[in-house]
Structures are given as structure tokens and as C-alpha cells.
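Trainee: Could you take me through this structure step by step, with the reasoning behind each answer?
Mentor: Gladly; ask about one feature at a time, and we shall work towards each answer.

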Amino acid sequence: MSGRREHSGRGSAGFARRFSARGVHSADAGSRRRALAAVVILVVAALLVCVPSYGVWRVLFAPQADVVAGEPVQVEIPDGADTATIASILADTGVIGNAAMFRLRARLDGVDSELRPGVYDLITGMAYDEVVDTLVAGPPVAYTTVTIPEGFTVEQIAERIGAETGISADEIAELGLGGAPSFEQEYPFVSDGFQGSLEGYLFPETYRIAEGSTAQDVIILMLDQFAEQFATLDLSYAEEAGLTSHEVVTLASMVEREARLADERPLVSSVIYNRLARGMRLEIDATIEYVIKENRPRLLNKDLEVDSPYNTYKYDGLPPGPIASPGLAALEAATSPAETGYLYYVLTSADGAHTFTETYEEFLEAKEKSREVTP
């Protein structure tokens, strides 16, 4: 009995040990499998998250140029460059960190077609918004400031602008003296220009002319200014006198060339109106000077015989067109003359003052005095 019990006891203990060993072994193996599975899951999860993230970072955020931020750099965007090309140029020079991000931002902002070519002075490491705003605004434009004095003719205007901007003076003069038909659609007021001339309509002003402007650009700039200034005038007096807008400009141009003192403009204007009302020839020296293209202290008799429709000594009424570019003050005098009975005036002072008279006898007396000024 005891042997069987002992045998039975050893057998039970051995079985227990074997059972226990297999149980421990099974538990360890399961634990390792679970741990291994967890590791695998973590690795897979990490790969699923990290690989795409790295890809996104590489595409959209990775710097493409090893450049120190804050350094000045000049960048040229060629004409016709698309956003991809522009982004590549900006990234290569370090202005932005990543070309793809710039393309994405430009697409989201809807400015793909608004990025302008040109030469830009930029800084490395700029913010995308700042770069986009700069390229949408365009490169800085250089301007030349040119002052056109009142009383200049087309030829004088062309010469000055040509000398100061490099734009062809010949092209400006050609447009100014015969190009009115090409501007009539947008500026109907030039349609009455004598023989297609824009004389009188190129408004005297100080202009900022952008680099790269053409002769036509300059003409348009001056016509715009004329339209703006002329719109401020009250034409009722001139219209009651039977004058057209073109004749107002013509009259104003004579006032501009004749009056040397500001307060005499309305007086000169009144003389012209008075003589027109009486059917008298205007006999304006400045109209002769316009024809002979020369300013003289005193005209010669042969000058008065020059055959030209602008010769107001020889032909009645106003000349066929302006003789210079009148300023706003002369235009105002042409539309609002002084109320006088004057029919004559003559230069009698070195400061440019004239003596105005109502009768021819008074005029002759004043003319003798004028010889002290212009012998």
C-alpha cells in the first residue's frame, strides 16, 4: 500500500512539476507573443503615422536652400513665369523655405495669375504672406518728375520730356501735332484739333512719368489731366458768347501767351471777347510768334504778313486752334473775363505789365511809352 502511495506520490509530484513547468513555459511564451505582437503593432502604427508625416514635411516644410535668414537678395522673376517657376526661384535663393508650400499658399490665396515679373530686392527667410503681397504689388517702379510750364507748345513739351525721360521727342511731337484721331474715342474733346493737332490739350503740370512709359502713355497722362481740369470750368459765359469748348481752349492759349502777370489774364481775355463782339481782328502778337516759331520783343512788318490761318493780323476771328498749352488760370480767364470796355493793350513796363485802353488814340499814346520797354 505504502509503495503504491509513494509511487503514486512521486508520480503526482512529477506530474505536478511537469504540469507546472509546461504551464510556466506556456505562460511565458504567450506573454512573449503578446509583447511581440504589441511591438509589431506599435511599429506598424508608427510607420503608418511617421512615414506620411515625414513625406509631408519633406514636401511642404523642408528647407530647400541652406541660407541664413535676414540676408538681402535680389530676385528676378522673368516675364511669363508660372507659379511653379516663381516658387522654385524663391526657394533656391532662400527667400522662402519651400517651393511646394509657396505654390500651395498661392493656390489657396487665388493669386496664381497675379504674381508680377520684375526685379525685386527681397530678404532671405521672408514670410510667405509677405512675399506673396510683394509679388502681387509688383516690383518698385522708377519715376522721372517732369514739369511742363504753362504756355509750352507741343514741340517744347516733346523736347523737355524727351530730354528728361529718354522717351523719343520725335514720337511725342508726331502724336502731339497730328495724332488727335487716335485719341478721339476716349477723349472726344480733341476731335476739333486743327489738322489732328493736340496743341492746347497737353495740360501743363508736374508729372511723374514711370520708367518704361511710351510716347502714347505720356500723351494719355496729359490728356487725362486736361479732362480733369477742364471739367472744373463754368462754360456758361463762353457758350452765351457763342464759343465752343475748342474755341475756349484756343482763346485761353492766347491769354496764356499774352499775359505776363496773373491779374492781367482776365483783362486780356476781356479784350479778345470785346474785339470778337465788334468784329475786329484780334491782332495778337503771340499768334504770329506761333507761326514763325520765334519770340521777339517787337514783331517786324513782314512777320505780320505771314500767310497762315493763325495770323490774327490777316484773318478775322480766332485762329483755328490753340497756340500753346494753357494752364487752369488762363482757362478760367477764358471762361470768366473781366467786364471792361478795353479793346487794346500794349506792354509798358519791364515787369510785364500792360496798359489797357478803350480807344485807339489812348493805345497810340501807350504804345509810345512801350518803346521805353521794347525799343
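Trainee: Is Asp316 buried or exposed?
Mentor: This is a predicted model, so what follows is computed from its atoms. The cut-off for the exposed class is a relative accessible area over 50%. Asp316 has 56% relative accessibility, and therefore counts as exposed.

Trainee: Which residue forms a salt bridge with Asp316?
Mentor: Asp316 sits in the loop between α12 (301-304) and α13, and its partner lies in the loop between α10 and α11, so the pair ties together parts that are 35 residues apart in sequence. That partner is partly exposed, at 36% relative accessibility. The closest N and O atoms of the pair are 2.8 Å apart, and the residue that bridges to Asp316 is Arg281.

Trainee: Which residue in the loop between α10 and α11 has a positive phi although it is not glycine?
Mentor: The residue in question is found in that loop between α10 and α11, and at 38% relative accessibility it counts as partly exposed. Its phi is near 50 degrees, and the residue is Glu283.

Trainee: What is the phi of Lys293 near?
Mentor: Lys293 lies in the loop between α11 and α12, and at 59% relative accessibility it counts as exposed. Its phi is a positive value in a residue other than glycine, and it is near 55 degrees.

Trainee: How many salt bridges does the count come to?
Mentor: Side chains of opposite charge can pair when their charged atoms come close. The rule asks for a side-chain nitrogen of Lys or Arg within 4 Å of a carboxyl oxygen of Asp or Glu. Arg371 and Glu368 form a salt bridge under it, their closest N and O atoms being 3.7 Å apart. By this rule the number of salt bridges is eight.

Trainee: How far apart in sequence are the parts tied together by Asp129 and Arg105?
Mentor: Asp129 forms a salt bridge with Arg105, with 2.5 Å between the closest N and O atoms. Asp129 belongs to helix α4 (residues 128-137) and Arg105 to helix α3 (residues 99-109), so the pair ties together parts whose separation in sequence is 24 residues.

Trainee: Are Asp129 and Arg105 buried, partly exposed or exposed?
Mentor: The partly exposed class lies between the buried limit, under 20% relative accessible area, and the exposed limit, over 50%. Asp129 has 41% relative accessibility and therefore falls into the partly exposed class. Arg105 has a relative accessible area of 26%, so this residue, too, is partly exposed.

Trainee: Which helix supplies the largest share of the largest nonpolar core?
Mentor: The largest nonpolar core has 56 residues, and those with the most contacts inside it are Ile161, Leu223 and Ile272. Among the elements that each supply at least two residues of this core are α5 (154-165), α6 (169-178), β4 (206-210) and α10 (265-278). The largest share of the core is seven residues, and it comes from α7.

Trainee: Which negative surface patch includes Asp224?
Mentor: Asp224 lies in helix α7 (residues 215-230). A residue needs over 30% relative accessible area to join a patch, and Asp224 is partly exposed at 36%. The negative surface patch that includes Asp224 is formed by Asp224 together with Glu150, Glu186, Glu205 and Glu228.

Trainee: What distance separates the C-alpha atoms of Asp224 and Tyr187?
Mentor: Asp224 has its place in helix α7. Along the chain, Asp224 and Tyr187 are 37 residues apart, while the separation of their C-alpha atoms is 8.4 Å.

Trainee: What distance separates the C-alpha atoms of Thr153 and Ile323?
Mentor: Thr153 is found in the loop between β3 (143-147) and α5, and with a relative accessible area of 14% it is buried. Thr153 and Ile323 are 170 residues apart along the chain, and their C-alpha atoms are separated by 6.9 Å.

Trainee: What accessible area do Leu36, Val40, Val44 and Leu48 have together?
Mentor: Leu36 is found in helix α1 (residues 2-61), and with a relative accessible area of 55% this residue is exposed. Leu36, Val40, Val44 and Leu48 form a nonpolar patch on the surface, and their accessible area together is about 380 Å².

Key:
Residues numbered from 1 in each chain as written. Predicted model: local features only at pLDDT ≥ 70, side-chain atom pairs only at ≥ 80, totals over all residues. Heavy atoms only, no water. Patch = residues over 30% accessible without salt bridge, like charges linked within 9 Å, V, L, I, M, F, W, Y side chains within 5 Å. Areas by Shrake-Rupley, 256 points an atom, 1.4 Å probe, with all protein chains shown as cover. Lys, Arg positive; Asp, Glu negative; His and termini not counted. Charge placed at Lys NZ, Arg CZ, Asp CG, Glu CD. Helix = DSSP H or I, 4+ residues; strand = E, 2+ residues; numbered from the N terminus. Buried < 20%, exposed > 50% of the residue type's maximum accessible area, 1.4 Å probe, protein only. Core = buried A, V, L, I, M, F, W, Y, C linked by side-chain atoms within 4.5 Å.
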